[in-house]
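Here's a quick tour of some backbone oddities and contact surfaces. Have the structure open while you read.

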Amino acid sequence: MIAGSKPVNLTPPASSGESTGRKKHLLDFQDWSVADIHALFDTTDVMAQVLERTIKRVPALQGFTVGTLFFENSTRTRLSFERAARAQSADVLSFAAGASSLSKGESMKDTLRTIDQMQSDVYVVRHVAAGVPYQLTKWTDASIINAGDGRRAHPTQALLDAYTFKKNFANFDHFEGKRLAIVGDVMHSRVARSNIELWTLLGGEVTLCGPATLLPRELEQFDKVTLTHNVYEAAEGAHAVMALRLQNERMTSGLLPSIAEYQERYQVTEKVMAEAHPDALVMHPGPMNRDVEIAGDLADSERSVIEKQVASGVPIRMAVLYTLLVGKK
Amino acid sequence: MIAGSKPVNLTPPASSGESTGRKKHLLDFQDWSVADIHALFDTTDVMAQVLERTIKRVPALQGFTVGTLFFENSTRTRLSFERAARAQSADVLSFAAGASSLSKGESMKDTLRTIDQMQSDVYVVRHVAAGVPYQLTKWTDASIINAGDGRRAHPTQALLDAYTFKKNFANFDHFEGKRLAIVGDVMHSRVARSNIELWTLLGGEVTLCGPATLLPRELEQFDKVTLTHNVYEAAEGAHAVMALRLQNERMTSGLLPSIAEYQERYQVTEKVMAEAHPDALVMHPGPMNRDVEIAGDLADSERSVIEKQVASGVPIRMAVLYTLLVGKK
Amino acid sequence: MIAGSKPVNLTPPASSGESTGRKKHLLDFQDWSVADIHALFDTTDVMAQVLERTIKRVPALQGFTVGTLFFENSTRTRLSFERAARAQSADVLSFAAGASSLSKGESMKDTLRTIDQMQSDVYVVRHVAAGVPYQLTKWTDASIINAGDGRRAHPTQALLDAYTFKKNFANFDHFEGKRLAIVGDVMHSRVARSNIELWTLLGGEVTLCGPATLLPRELEQFDKVTLTHNVYEAAEGAHAVMALRLQNERMTSGLLPSIAEYQERYQVTEKVMAEAHPDALVMHPGPMNRDVEIAGDLADSERSVIEKQVASGVPIRMAVLYTLLVGKK
């Protein structure tokens, strides 16, 4: 820890052993308990089995409509949700970024109220501004799933990361005492923030690592979170090491001395992993810049569960849709 | 009335009390009778009930394919039709603007004949040029629904406006003697033209209001239509007042003295509504420029049925699809 | 033949009378036998009947997912495959060109592995580079259908051309001795290459015709293929004459003396067709430049089966999807 840590209330104390009741939205994990998360993981197991069948479809959500509202473009995440909806026989309506009349001067509220008349049961929302998904819950009776808001949260990514760890770490028993090292551009990463929130909720610890310009010091305050600028220190004893994508615009932004120096100091490599727990897993939320933030060989190695992370995307999202919608029937 | 009115043949004399037979297309209301419209409104009631169920889907159009052919972009209208199709279990094929090979020098006819080989049962067509939907009826056996052609017509918008009025005006009995005031850029509005056509067909009266540059004098000839440049005069005794969207390009076109003057003279406000019938409804076809053509407060007031107009979009379009297609079975 | 011909190994010797076993991919016709093609045509007959019913849908591929991966845009071909999928009750996921994270620096392999986690059963792939569909077969367990790779192949177009010929040529018995003349920009045409491959596999002969700059001499080596620069010579005795689209960029490329001269020397006209077999059919893979590479009148004449080619697109693609997928059940 660079500086003293103190608990913050990002996650309110939830009764870990009990569900906190039926969920309507997934914005972040603030009103999700440990029991809720594990129940969702159990549902994910079932969904993963469905996807192993020849006929990868169940009628669980027949007659429901899932609206995707991507104000910020991300075809991959959108299609993952669409696949998750259709595998449960739900209908999908896709509202693309330019689709809204926002560009015509209409207010966000009027836009949503108009879209909402098409009667989706849930909206999957991505927006460049933090807080938009929460705001939308005020204006619709439908459920809202946050598919990424600004730098704030991307909860389904954190869920699939934790689920992948749970299913692949040797002799996994529980998250208590397990440590996740996150390396790279923590500053701009909603994936990092959601992973901090979920991993610590589940009882684990998180080490954040990156150059000073990309490592926000306010995260030091968070309980069970440590910060370091040294990647070997971050990896030491870690049960999983996750490299974050270094976005192209960052590389030329002046926030970094040079790509060569970044690679030298922060690239996750076999040598870095040698410091970690013997069974430690290598993770990456994708898409990768091979040999920038992660060594290409390591990404393809036995330790890597990167493809398994991606593979968990559809079943996790199936479980989220099912969990939020099925109580409405 | 600014000048003398005389009847025009926009709407041929239809036997108001009887259906004029099964309809294949919806281009405008020229071969629709009053009885046909009311039958469609009855079907809309049923569709609205379907959309209130938890499972918002009926198998009515299973095995039918609805093609959307939007040469002019309008995601909102297109998705409303897609929702209407899917809620009845029809398949949807979306042919986007750039989708056609028109840009490669192919003729409109060859484009349609090619698209038509994908065997849609109905095409929902929007085009910047008036008359294109009619022309397409010559080249395909499928049904054609006009989703907006130039400044000429947008019949499903007029249907949902009239339906919304019928369902929400206090103690509604019939359209005879009911007066609709339409305020704003009538010149460029297909919504205005379709509302004139439908409202007068149903027995109502229409007052058009706007600055001289945006109020086409040839509409004076139309039976039961009056024109005025004074918004208070337009609203006087009206049973519904509809503000039309003032498009951004119009604001800087030189057709208007200034936005401030437009707001001062033509904005639909509480003060304007004070002249209207005590039960008068406020309408807007969307998307709104709040506090330009309509006061934001008024749009959110008790009198406003703007959200109900939007809510009528899907059930009206379900009823139109059903009415045109189901006789083919 | 301009120069001596010799057999090439584009098509390996297949046992014409027997199937070469269940097919997983359709990349070109290298491991398809004559019996396989005719079995596919028989399946196409069944699919064409399905499309003549009021309810144009069968449950044959229910629970399967068809992914479309168009790195090069072609809405028409993509929608034809989507229609073919949905008419058999399969789900569709569309990965558009810009959809991939390729533009973010991710490798093609990582992109496919990510997309592949959405568990499509088959990918329909178009790419500007020859060989990409083949390469993708190395990275996924799903089936791959080549929907056009560079100038190399476009097998479903060739299938629908041959199928159209078979169904429409007067008293058709077999392809042996039937001659197809292909006129125009052979150089840049994957349609031409796939037609050469399929037509000669089926036992027919092909004459290629075009200006020297657009007629690649290496095709002379191919067995049962002849080349000529004279359109009348090409048409002489031919059983079908196919005009290829002259792309706009070609017209101004300097590869052609002038459009007027091209029209004069290579346009397929009634006068050209007078040299052909009395029952000869006129074909075009679309979209047409009327009165450039083909006379508009001829395209609309009795001899023309251009609309029938387009009409064969959906049933051929239904048959291809069915043939590749149904054995997996």
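## Backbone quirks and contact faces

C:Asp291 sits in the loop that runs between β9 and α11 of chain C. This is a predicted model, so keep that in mind throughout. What is odd about the backbone of C:Asp291? Its phi is positive, at about 65°, although C:Asp291 is not a glycine. As for its surroundings, C:Asp291 counts as partly exposed because it has 14 C-beta neighbours inside 10 Å.

That loop has another feature worth a look. C:Pro287 also lies between β9 (281–283) and α11 (296–299) of chain C, and the peptide bond joining C:Gly286 to C:Pro287 is cis, with omega about -15°. Over in chain B, a cis peptide bond joins B:Gly286 and B:Pro287, again with omega about -15°. B:Pro287 is found in the loop between β9 (281–283) and α11 (296–299) of chain B.

Chain A brings its own positive phi: A:Ser89 comes in at about 70° despite not being a glycine. Look for A:Ser89 in the loop between α2 (75–86) and β2 (91–95) of chain A. Is A:Ser89 buried or partly exposed? With 17 other C-beta atoms within 10 Å, A:Ser89 is partly exposed; a residue needs 20 or more to count as buried, so A:Ser89 misses that mark.

Here are the two positive-phi residues side by side.

| Residue | Phi | C-beta neighbours |
|---|---|---|
| A:Ser89 | about 70° | 17 within 10 Å |
| C:Asp291 | about 65° | 14 inside 10 Å |

Now for the domains. Chain A is assigned a domain 1 made of 34–151 + 312–328, plus a domain 2 covering 155–310. How far apart are the C-alpha centres of domain 1 and domain 2 of chain A? They lie 26 Å apart. Where the two domains of chain A meet, 15 residues of domain 1 are in contact with 16 residues of domain 2. On the domain 1 side, the elements giving two or more residues are α1 (34–50), β4 (143–149) and α12 (306–325) of chain A. By class, that side of domain 1 has seven nonpolar, six polar and two charged residues.

Last stop: chains B and C. Their contact draws on 21 residues from chain B and 23 residues from chain C. Which elements of chain B each supply at least two residues to the side that touches chain C? Those are β2 (91–95) and α3 (108–116) of chain B. The side of chain B that touches chain C splits into five nonpolar, nine polar and seven charged residues.

Notes. Residues numbered from 1 in each chain as written. Chains lettered and ligands numbered in written order. Predicted model: local features only at pLDDT ≥ 70, side-chain atom pairs only at ≥ 80, totals over all residues. Helix = DSSP H or I, 4+ residues; strand = E, 2+ residues; numbered from the N terminus. Buried ≥ 20, exposed ≤ 12 C-beta atoms within 10 Å, placed from the backbone. Domains from an automatic or database assignment. Contact = placed C-beta atoms within 7 Å. Nonpolar A, V, L, I, M, F, W, Y, C, P; charged D, E, K, R; others polar.
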